[in-house]
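Hello,

Here is the structure I promised to pass on to you. Have a look at it first, and then read on for what turned up.

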Amino acid sequence: MARAFILVLDSFGIGAAPDAEKFGDVGADTFGHIAEWCAAGNIAEDRPVAGPISIPNMVKLGLGKAAELATGKVHAGTALDGEAEGFYAACAERSFGKDTPSGHWEMAGLPVEFDWGYFKPDFPSFPDELISALVEETGIPGVLGNKAASGTVIIEELGDEHVASGKPIVYTSADSVFQIAAHEETFGLDRLYEVCEVARRLVDDYNIGRVIARPFVGGYGSYERTGNRRDLATPPHAATLLDYLEKAGREVISVGKIADIFAHRGLTKKVKANGLEGLFDLSLVMQQQAAEGSLTFVNFVDFDQSFGHRRNVAGYAAALEYFDHRLPEFLSEMRPDDLVVLTADHGCDPTWPGSDHTREFVPFVAYGPTFITGSGGQRESFADIGQTIAKHLGIQPLSEGKSAQ
C-alpha cells in the first residue's frame with residue numbers, strides 16, 4: 001500500500017502571488033531574491049562561501065521549474081538540463097490570509113475563506129479588557145510589550161525587565177496571533193503554558209487564529225528562544241485531509257509543529273525535535289516507522305522563524321543548501337509506492353521590508369518512483385496538494401482541490 005510524506009519548508013515562497021497587491025507584496029520573491037543574493041557574490045557569517053545557490057537535488061526534482069512557472073525567471077543555480085525527475089507546479093493561495101494555519105489547512109484541503117481577527121500593530125495592541133482578564137485569571141503582575149514586534153527583538157528589549165518584574169512579554173504581528181514570551185527558569189515553562197491556555201480561551205471572542213508560547217533562556221541582555229515553543233491554534237472549521245485519513249483508519253504522523261497547527265486533530269502520532277538538523281533526523285526515523293497507507297506531515301519551521309522573519313538572507317540560503325544536501329538520504333529510503341511532496345505554507349522574503357510573511361506562490365514538487373513527472377502548471381489552490389495525497393493513498397476525495405493526476 002502507498003505511503004505519503006509532506007515536507008513543508010516553512011515560508012519558502014517562489015514569487016509574488018496573483019493577489020499580492022492586496023497585501024502590499026507585489027515583487028516579493030523569497031526564493032528568487034535569495035538566489036539573486038547568492039549569485040551576486042555576497043558572503044556572510046552564515047554563508048561564507050560566495051557563488052550561486054547550490055541545491056542540485058531539489059532542482060533535479062523540479063524546484064527551479066516550479067519557480068519559473070511562478071515568475072518566468074530561471075534563477076542562477078537552478079537551470080536544469082533535460083527533464084525534471086519529479087512533478088512540479090506553482091500553487092496560489094485561496095485563503096484570505098497569508099498566515100501559518102491558513103496555508104497548512106489549505107494544503108490539507110481546507111481553504112480559509114473568511115477573515116481572521118487581528119490586533120493593532122501600534123501600542124497598545126491589545127484591548128484593555130483582554131489584558132485585564134488575563135491578569136485577573138492568571139495572577140500575573142501585569143504585562144510588558146503590548147505591541148507588534150519581532151520576537152527576538154522584543155525579548156532582547158524587554159528580557160531584563162521581564163526577569164526582574166515577573167511580567168510576561170506580550171506581542172503580536174501581521175498574523176492573527178497573540179504571543180507570550182517568558183523565561184523558562186525565572187517565570188517557569190509550565191506557568192507560561194498555563195497563561196497561554198487562559199489566553200487561548202480569552203482570544204476566542206476576537207477570532208484570533210493562534211496563541212503562541214515563546215519560552216527563552218539566558219540573562220543580562222543576552223537571551224535565546226528555546227525549542228519549547230507551543231502553538232495553541234483554533235481548530236480547523238471543517239474536516240481536513242488528516243481527519244479523512246484518521247476516519248479511514250490510517251496512521252497520520254505529525255513531525256514538528258504540525259500538531260499544534262491543526263489543534264492536534266486528525267493525528268495518531270506526534271513527535272517533535274529542535275532545529276533543522278533535528279527535524280530532518282526525526283523525519284528519517286518516522287520514514288522508517290511509517291505504516292503502509294500512512295501520511296507523515298513535517299514542518300521545518302527554522303526557514304521561517306530563524307531566517308525569514310529575521311531577514312537573514314545568508315542563513316536562509318545556507319539552510320536550503322543543508323536541506324538539499326540531506327534530501328538524498330530521504331529519497332534513497334523511499335519505497336516503490338511512496339510519494340513525497342516538497343512545499344511551503346506562505347512566503348517570508350528575507351529581503352522584503354518589515355518582518356512579516358509575504359503573499360507568494362508556493363512550490364508543489366512531488367516525487368515517487370511510480371508518480372507522474374513534468375509540469376503541473378500554475379494551480380489555483382494549495383488544496384491541490386491535499387487532493388493529490390488523498391488520491392495517492394486511496395481514500396475518498398476531499399471537498400476542495402484538484403489532484404495532480
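**What lines the cavities**

Strand β6 contributes the most to the lining of the largest cavity, giving three residues. Please keep in mind that this is a predicted model.

How many cavities of 30 Å³ or more are there? The count comes to two. The largest has a volume of about 300 Å³. It is lined by 24 residues, and those closest to its centre are S173, Q179, R214, H309 and S355. Besides β6, the elements that each supply at least two lining residues include α6 (151-165), β5 and α11 (302-308). By class, this lining holds ten polar, nine charged and five nonpolar residues.

The second largest cavity has a volume of about 30 Å³. Its lining is made of L9, F12, M58, L63, L342, T343, P363 and V365, with β12 (338-343) and β13 (362-367) each supplying at least two residues. Here seven of the lining residues are nonpolar, one is polar and none is charged.

**The hairpin of β6 and β7**

Back to β6, which spans residues 210-219 and pairs with β7 in the antiparallel sense over four bridges. One of the residues involved is G218, whose bridge partner in β7 is Y223. Two residues lie between the strands of this hairpin, and Y220 takes a positive phi near 50°.

Which side chains of β7 (residues 222-225) are buried? Y223 and R225 are, and they point to one face, while S222 and E224 point to the other face and are not buried. You can follow this alternation by stepping along the strand from S222 to R225.

**Helix α5 and its two sides**

The other element I would like to show you is α5 (residues 128-138), where L130, I131 and L134 are buried. Viewed down the helix axis, the buried residues fall within an arc of 95°, so they line one face of α5. An α-helix has 3.6 residues a turn, so residues three or four places apart point the same way.

What do the buried residues of α5 pack against? Their partners are β3 (144-148), β5 (177-183) and α7 (184-202). Strand β5 therefore comes up twice, as a partner of α5 and as a supplier of lining residues for the largest cavity. On the other side of α5, D128, E129 and E136 are exposed. Just after the helix, G139 takes a positive phi of about 80°.

Happy browsing, and best wishes

Technical notes:
Residues are numbered from 1 along each chain as its sequence is written. This is a predicted model: local features need pLDDT of at least 70, side-chain atom pairs count only at pLDDT 80 or more; totals for chains, interfaces and linings use all residues. Side-chain values use heavy atoms; hydrogens and water are left out. Buried means under 20% relative accessible area, exposed over 50%, partly exposed in between (1.4 Å probe, protein chains only). The arc is that of the directions from the helix axis to the C-beta atoms. Contact means heavy atoms within 4.5 Å. Two strands pair if DSSP finds at least two bridges between them. On a 1 Å grid over the protein atoms alone, a cavity is a set of points where a 1.4 Å probe fits but cannot get out, and a pocket is an open set with protein on both sides within 12 Å along at least five of seven lines; lining residues have an atom within 4 Å of a point. Grid points are joined across faces, edges and corners, and a volume is the space filled by probe spheres set on the points. Ala, Val, Leu, Ile, Met, Phe, Trp, Tyr, Cys and Pro count as nonpolar, Asp, Glu, Lys and Arg as charged, and the others, Gly among them, as polar.
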